[in-house]
Amino acid sequence: MRELDLKALNSEKKNAADVISYILEMMGPSNIALASSLSIEDQVLTHMILNINPKARIFFIDTGRHFQKTYDLMEETMQSYKFNYEVYAPENGDIEETVSRLGPNFFYDSVDSRKRCCEIRKVKPLKRVLGTVDGWICGLRRDQSPTRQDMKVFEWDNGNSIYKINPIVFWSEEDVWEYIKAHSIPYSNLYRNGFRSIGCQPCTRAVQPGEDVRSGRWWWEDPDKKECGLHLGTAHSIKY
Ligand code: SF4
């Protein structure tokens, strides 16, 4: 794996497209992949990365519990940009054993149960794809949640031992919408119905004006602990 000087890179002022161009060039397109959940942020990055390299890797974790509208948007995006997602799914045995034992909605029972569901439906498939790359690109933004306030553009993901690149980490939600509209990028019409962050259907709801962007995700939990496990383990101090 080619070593990156994170401190130097984070002190440079690159725009998001330049960050993506740089990292594709540095790592090679087969060694880095964009994680897409079909959010507005990921749609922006999908547009950018495919403009730079139409063969760039973009993956989707199919938890089996997404909104139908998410699958519809996936289809529309594939047709618009003429590409295919790499799709990763949970292991059958994990789902069969857990749901047989605890029922289909066990994730509402406790934080531990919810984390177990995210572990088998999201984190384990994610580990499989991240085992094939030296870095991943994410659409995280600092103002999305209290857990994301310290994120930087170039990071070392300690949990996965690869680099993590957040090209739009300093963008506001308004910046994202401006880009979506300027480039006629397809997006989920759930956003027109009060949704501001979209994940699995049973764990996502619309939010009220003025509420935190991520308050509709696992709304029954403490906001300081609301991560699904996909974005834990990034050590901001490592390699700085
Ligand atoms: Fe399970 Fe909800 Fe996590 Fe999706 S978001 S994996 S349904 S707990």
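Start with residues 32-61. Strand β1, helix α3 (residues 40-52) and strand β2 make a right-handed β-α-β unit. Right-handed here means that, with the strands pointing away from the viewer, the path from the first strand over the helix to the second runs clockwise. Helices (H or I, at least four residues) and strands (E, at least two) are DSSP runs, numbered from the N terminus.

This is a predicted model: local features need pLDDT of at least 70, side-chain atom pairs count only at pLDDT 80 or more, and totals for chains, interfaces and linings use all residues. Residues are numbered from 1 along each chain as its sequence is written, and side-chain values use heavy atoms, with hydrogens and water left out.

**Stop 1: β1 and its neighbours**

Select residues 32-35, which are strand β1. Ile-32 and Leu-34 point one way, Ala-33 and Ala-35 the other. All are buried, that is, under 20% relative accessible area with a 1.4 Å probe and protein chains only; exposed is over 50%, and partly exposed lies in between.

Now add β2, residues 57-61. It runs parallel to β1, joined by 3 bridges. Two strands pair if DSSP finds at least two bridges between them. Pick Ala-35 and its bridge partner in β2, Phe-59.

Next add β4, residues 135-137. β1 and β4 also pair in the parallel sense, over 3 bridges. Here Leu-34 has Ile-137 as its bridge partner.

**Stop 2: Leu-38**

Move to the loop between β1 and α3, where Leu-38 lies. Its phi is near 70 degrees, a positive value in a residue other than glycine. Most residues other than glycine have a negative phi. Leu-38 counts as buried because its relative accessible area is 4%.

**Stop 3: from β4 to the hairpin**

Return to β4 and add β6, residues 162-165. β4 and β6 pair in the parallel sense over 3 bridges. Trp-136 has Lys-164 in β6 as its bridge partner.

Then select β5, residues 154-157. Both of its faces are covered. Phe-154 and Trp-156 on one side, and Glu-155 and Asp-157 on the other, are all buried. β5 and β6 run antiparallel, joined by 4 bridges. Label two of the pairs: Phe-154 with Ile-165, and Glu-155 with Lys-164. Lys-164 is thus a bridge partner of Trp-136 and of Glu-155.

The two strands form a hairpin with 4 residues between them. In the turn, Ser-161 has a positive phi of about 55 degrees.

**Stop 4: the ligand**

Show the ligand and the residues near it, meaning those with a heavy atom within 4 Å. They are Phe-107, Arg-114, Cys-117, Cys-118, Arg-121, Lys-122, Cys-200, Cys-203 and Trp-218. This shell divides into 6 nonpolar, no polar and 3 charged residues. Ala, Val, Leu, Ile, Met, Phe, Trp, Tyr, Cys and Pro count as nonpolar, Asp, Glu, Lys and Arg as charged, and the others, Gly among them, as polar.

Stay on Trp-218, in the loop between α7 and β7. Its phi is near 40 degrees, again a positive value in a residue other than glycine. Trp-218 is buried, because its relative accessible area is 1%.

**Stop 5: Leu-190**

Finish in the loop between α7 (173-182) and β7 (234-235), where Leu-190 lies. Leu-190 counts as buried because its relative accessibility is 5%. Draw a C-alpha to C-alpha distance to Ser-100: the two are 31 Å apart in space and 90 residues apart in sequence.
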